[in-house]
Amino acid sequence: MQISFLGAARTVTGSCFLVTTNKYKFLVDCGMFQGQNKEVMLNVDDFTFAPNTIDFMFLTHAHIDHSGRIPKLFNDGFTGKIYTTKATADLCGIMLPDSGHIQEMEIEWINRKRVRAGKHEIPPLYTAEIALNCLKLFEPMPYDEVIQINDEIKVRFRDAGHMLGSAVIELWVNENGKETKVVFTGDLGNSGTPILRDPEWVGSADILVMESTYGDRNHKDREDRFENFVDIVNETLDKGGRVVIPSFAVGRTQEIVYGLNQNQNKFKEKYERILRTPVYVDSPLAISATEIYKENPQCYDEEARRYILENKNPVDFPTLKLTRTVEESKAINETDEPAIIISASGMCEAGRIRHHLKHHLWEENSTILFVGHQAQGTLGRRLVDGEKQVRIFGEDITVKARIEFIEGFSGHADQKTLLNWLGNFEKKPQTIFVVHGDPDVQDVFASVISDTYGIRTIVPNRGDIFDIGEDRVAQVGEESNERKYRFMCLEILEKLNLLKDEVDEMCLMIKEDLRAGMSSEEFEDMKARLRKVEKSIIATLE
Ligand SMILES: [Zn+2]
């Protein structure tokens with residue numbers, strides 16, 4: 001058997017692994033690359049395999065960085081079954097068409113510019129329609145049952161506690177009478193994540209492919225975190241302001257809504273005000289996802305199940321208002337009554353959240369409360385980093401609102417939890433492939449595993465192929481030079497683009513200073529900055 005690492009290798013996105021046995025070829029995940037340009041460009045590349053030669057695939061969970069290229073795979077000729085949990089299939093039913101819609105919108109914008117420049121139009125990665133069509137390939141599976149896929153392969157989905165429907169995939173591959181057990185963690189959650197069950201233990205594995213997103217650090221305690229959240233909300237409401245929460249539509253939004261519901265008794269006095277305040281969930285995708293949460297109580301933990309037994313809904317309460325239409329969304333900002341507004345996207349790069357930011361960033365009494373990781377270069381990150389002026393819909397907005405960031409609302413296990421999960425194997429894997437992490441984090445986590453458990457770890461590069469033999473694991477292939485070179489070019493392009501932004505910003509400052517006047521210190525600062533840019537250009541080219 002061979003495993004090819006085609007994504008989430010020395011990066012966190014684009015999760016995709018190709019497993020080749022002596023008879024079959026299948027994928028585990030087929031996710032989209034997200035983040036910086038050089039990675040996003042990888043999405044449009046042809047697959048390194050012929051999609052019509054893949055027999056079937058397994059999907060760990062619905063997040064786009066694990067599922068987002070399935071419509072492309074289907075469009076390029078894949079017709080096999082996609083085995084996954086029921087909740088993941090349900091969530092893909094809304095998330096993939098939504099992703100198709102985003103692809104169409106983005107390409108429309110790019111094409112408008114291309115046409116003006118006299119260039120030909122380019123097609124989207126896939127359309128919402130293609131995404132809808134590929135849903136027929138999904139084959140929902142129950143948790144915890146060993147299922148025979150064919151004469152060689154058995155599978156079992158275990159709860160990964162990361163998002164609704166998320167699974168650790170246990171695979172038994174029987175080749176020539178010899179069975180090898182390979183386990184893919186997908187993304188592992190924390191214990192105690194609201195609504196969800198804790199990640200299940202896996203008893204044994206020969207080979208483990210393990211995520212490492214937070215492999216180098218530990219999270220803040222969950223209880224402190226929600227109390228902190230409630231305090232910030234109350235302080236804002238007391239001043240007559242509004243709380244705007246940029247949140248990921250699937251997962252985080254439901255966690256916040258459930259948290260608001262669940263903590264009412266615990267923080268009784270602190271909740272008086274909140275209970276009288278409308279809480280808006282202003283994102284059609286988040287609303288649809290909330291419906292899917294309601295329809296899949298089989299994924300709930302004990303506590304969330306109790307709500308069901310009492311005929312209550314864990315993701316609903318009287319002051320919760322779901323605004324689906326554009327009119328309803330606009331109406332939120334037509335009054336200035338205190339409110340809590342939860343909207344997507346979580347990093348403020350697109351979606352309705354940008355309208356709410358435009359209306360509230362300049363208000364001293366309001367708060368923008370971040371509850372998720374903000375990637376470098378996003379509007380969310382710039383706000384968290386303290387930028388005082390931002391541009392939204394072509395308008396300069398001064399940031400006067402209070403900006404808060406609560407760390408640790410994360411769907412990913414931290415180092416302690418990852419090690420603990422690994423510690424519960426009765427028969428430890430002989431080799432662990434560390435994937436799904438930033439390169440330096442992966443290196444830290446790989447050595448922590450070796451130091452703690454004495455297990456051999458490998459941090460594969462994108463394109464690496466490993467042969468899984470009876471008692472040895474050996475690398476037998478790597479990414480082609482042509483692909484490596486292409487990625488290097490994209491990397492240079494990315495760096496030059498960052499420099500371009502820097503130069504643009506400096507031009508703007510100089511123009512402003514021409515009007516307002518520049519002190520000699522400011523002039524020296526500017527010179528130093530220019531020298532830095534000059535050095536960076538040389539470094540990039542080298
Ligand atoms: Zn995920």
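Me: Leaving aside neighbours within four places in sequence, which residues is Ile 245 in contact with?
Reply: This is a predicted model. Contact here requires C-beta atoms, placed from the backbone, to lie within 7 Å. With neighbours within four places in sequence left aside, the partners of Ile 245 are Ile 256, Ile 340, Ile 341, Ile 342, Leu 369 and Val 371.

Me: How many residues are in the largest nonpolar core?
Reply: Ile 245 and Ile 341 belong to this core and are among the members that touch the most others. Phe 17, Leu 27, Leu 91, Ile 169 and Ala 289 are also in that group. The core's total is 126 residues.

Me: Which helix gives the most residues to this core?
Reply: The largest contribution from a helix amounts to 7 residues. It comes from helix 4.

Me: Where does this core lie with respect to the domains?
Reply: The protein is divided into domain 1 (2-217 + 411-479), domain 2 (222-405) and domain 3 (484-541). Residues of the core come from both domain 1 and domain 2, so the core lies between domain 1 and domain 2.

Me: How far apart are the C-alpha centres of domain 2 and domain 3?
Reply: Domain 2 covers 222-405 and domain 3 covers 484-541. The separation of their C-alpha centres is 36 Å.

Me: Which strands stand at the edges of the open sheet of 8 strands?
Reply: The strand order is 6-5-4-3-2-1-22-23, with mixed pairing. An edge strand has a single partner, so one of its sides is left without a neighbour in the sheet. The two in that position are strand 6 (138-141) and strand 23 (473-477).

Me: What is the average twist from one strand to the next?
Reply: The value describes the open sheet with the order 6-5-4-3-2-1-22-23. From each strand to the next, the twist averages 25 degrees.

Me: What angle does the direction of helix 4 make with that of strand 5?
Reply: Helix 4 (residues 86-116) packs on the sheet, where it touches strand 5 (81-85) and strand 6. Its direction and that of strand 5 make an angle of about 115 degrees.

Me: How many of the 5 residues of strand 5 are buried?
Reply: Strand 5 runs parallel to strand 4, with 3 bridges, and parallel to strand 6, with 4 bridges. Strand 5 is largely enclosed by the rest of the structure, because its buried residues number 4 of the 5.

Me: In strand 6, which residue is the bridge partner of Thr 84?
Reply: On the strand 4 side, Met 57 stands opposite Ile 82 of strand 5. Strand 5 is also joined to strand 6, by 4 bridges. There the bridge partner of Thr 84 is Pro 140.

Notes. Residues are numbered from 1 along each chain as its sequence is written. This is a predicted model: local features need pLDDT of at least 70, side-chain atom pairs count only at pLDDT 80 or more; totals for chains, interfaces and linings use all residues. Two strands pair if DSSP finds at least two bridges between them. Axes are lines fitted to C-alpha atoms, for helices over the stretch in contact, and angles run from 0 to 180 degrees between N-to-C directions. Two residues are in contact if their C-beta atoms, placed from the backbone, lie within 7 Å. Domain bounds come from an automatic or database domain assignment. A nonpolar core is a set of buried Ala, Val, Leu, Ile, Met, Phe, Trp, Tyr and Cys residues joined through C-beta atoms within 7 Å. A residue is buried if 20 or more other C-beta atoms lie within 10 Å of its own, exposed if 12 or fewer, and partly exposed in between; C-beta atoms are placed from the backbone.
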